[in-house]
Amino acid sequence: MNIYVGNLPYSVGEDDLQGIFGEYGEIESVKIITDKYSGRSKGFGFVVMENDEEAKAAIENLNGKTVDSREITVNEARPRKDNFSNNR
C-alpha cells in the first residue's frame with residue numbers, strides 16, 4: 001500500500017521515516033519529495049508497505065502524531081490526477 005505522509009518537518013529525512021514506519025512492518029520504499037532546484041524537502045513524502053494490514057496499522061497510529069513539533073498527516077495515497085486533462 002502506498003501511504004502519503006504530509007506536514008513533515010524539513011529536518012526529517014528518508015531514514016527517519018523508515019524508522020518511524022518500520023515499527024509497524026516491512027517497508028518496501030520511502031521517498032521524500034524535494035524541490036528540483038534547491039533539493040530541499042517539500043514537507044511531504046510517500047512510504048510503500050507490502051502488507052496492507054501493517055500499512056493500515058501505521059496509518060491509524062501515526063496520523064496526527066507529533067514529529068519534531070509538527071503534527072503529521074498520514075493516509076492512503078490517492079492516484080495522482082492528470083492536470084492537463086482538466087484544463088482542456
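The following paragraphs lead from the overall architecture of this protein to a few of its individual residues.

The structure is a predicted model. Three helices and six strands make up its secondary structure. Read from the N terminus, these elements follow the order β-α-β-β-α-β-β-β-α. The C-alpha trace extends over about 45 × 30 × 20 Å along its principal axes.

The chain comprises 88 residues, of which 30% count as buried. Among the contacts with a separation of 6 or more, 59% are contributed by residues 24 or more positions apart. One pair of positions illustrates a separation in space: Asn-61 and Lys-36 are 25 residues apart along the chain, and their C-alpha atoms are separated by 31 Å. Asn-61 belongs to helix α2, which covers residues 52-62. With a relative accessible area of 45%, Asn-61 is partly exposed, because that value falls between the 20% limit for buried residues and the 50% limit for exposed ones.

The surface may be considered next. The protein exposes about 6100 Å², and carbon and sulfur atoms supply 41% of this area. Its charged side chains number 11 positive and 16 negative, and the centres of these two sets lie 13 Å apart. Glu-14, Asp-15, Asp-16 and Asp-68 form a negative surface patch. Of these residues, Asp-16 is located in helix α1, which spans residues 14-22. Its relative accessible area of 38% makes Asp-16 partly exposed. That figure also satisfies the accessibility condition for patch membership, because patches are made of residues with over 30% relative accessible area and no salt bridge.

Asp-68, another member of the negative patch, leads to the loop between β4 (66-67) and β5 (70-71), where this residue is placed. What is notable about the backbone here? Asp-68 has a positive phi of about 50° although it is not a glycine. Ser-69 lies in the loop between β4 and β5 as well, and its phi is also positive, near 70°, again in a residue other than glycine. These values merit attention because most residues other than glycine have a negative phi. As for its surroundings, is Ser-69 buried or exposed? Ser-69 counts as exposed, at 71% relative accessibility, because the threshold for that class is over 50%.

The loop between β4 and β5 thus brings together two topics of this description: Asp-68 contributes to the negative surface patch, and Asp-68 has a positive phi.

Methods: Residues are numbered from 1 along each chain as its sequence is written. This is a predicted model: local features need pLDDT of at least 70, side-chain atom pairs count only at pLDDT 80 or more; totals for chains, interfaces and linings use all residues. Side-chain values use heavy atoms; hydrogens and water are left out. Helices (H or I, at least four residues) and strands (E, at least two) are DSSP runs, numbered from the N terminus. Buried means under 20% relative accessible area, exposed over 50%, partly exposed in between (1.4 Å probe, protein chains only). Contact means heavy atoms within 4.5 Å. Accessible areas come from the Shrake-Rupley method with a 1.4 Å probe; for residues, only the protein chains shown count as cover. Lys and Arg count as positive and Asp and Glu as negative; His and the chain ends are not counted. The place of a charge is taken as NZ of Lys, CZ of Arg, CG of Asp or CD of Glu. Patches are made of residues with over 30% relative accessible area and no salt bridge: like charges are joined within 9 Å, nonpolar side chains (Val, Leu, Ile, Met, Phe, Trp, Tyr) within 5 Å. A salt bridge is a side-chain nitrogen of Lys or Arg within 4 Å of a carboxyl oxygen of Asp or Glu.
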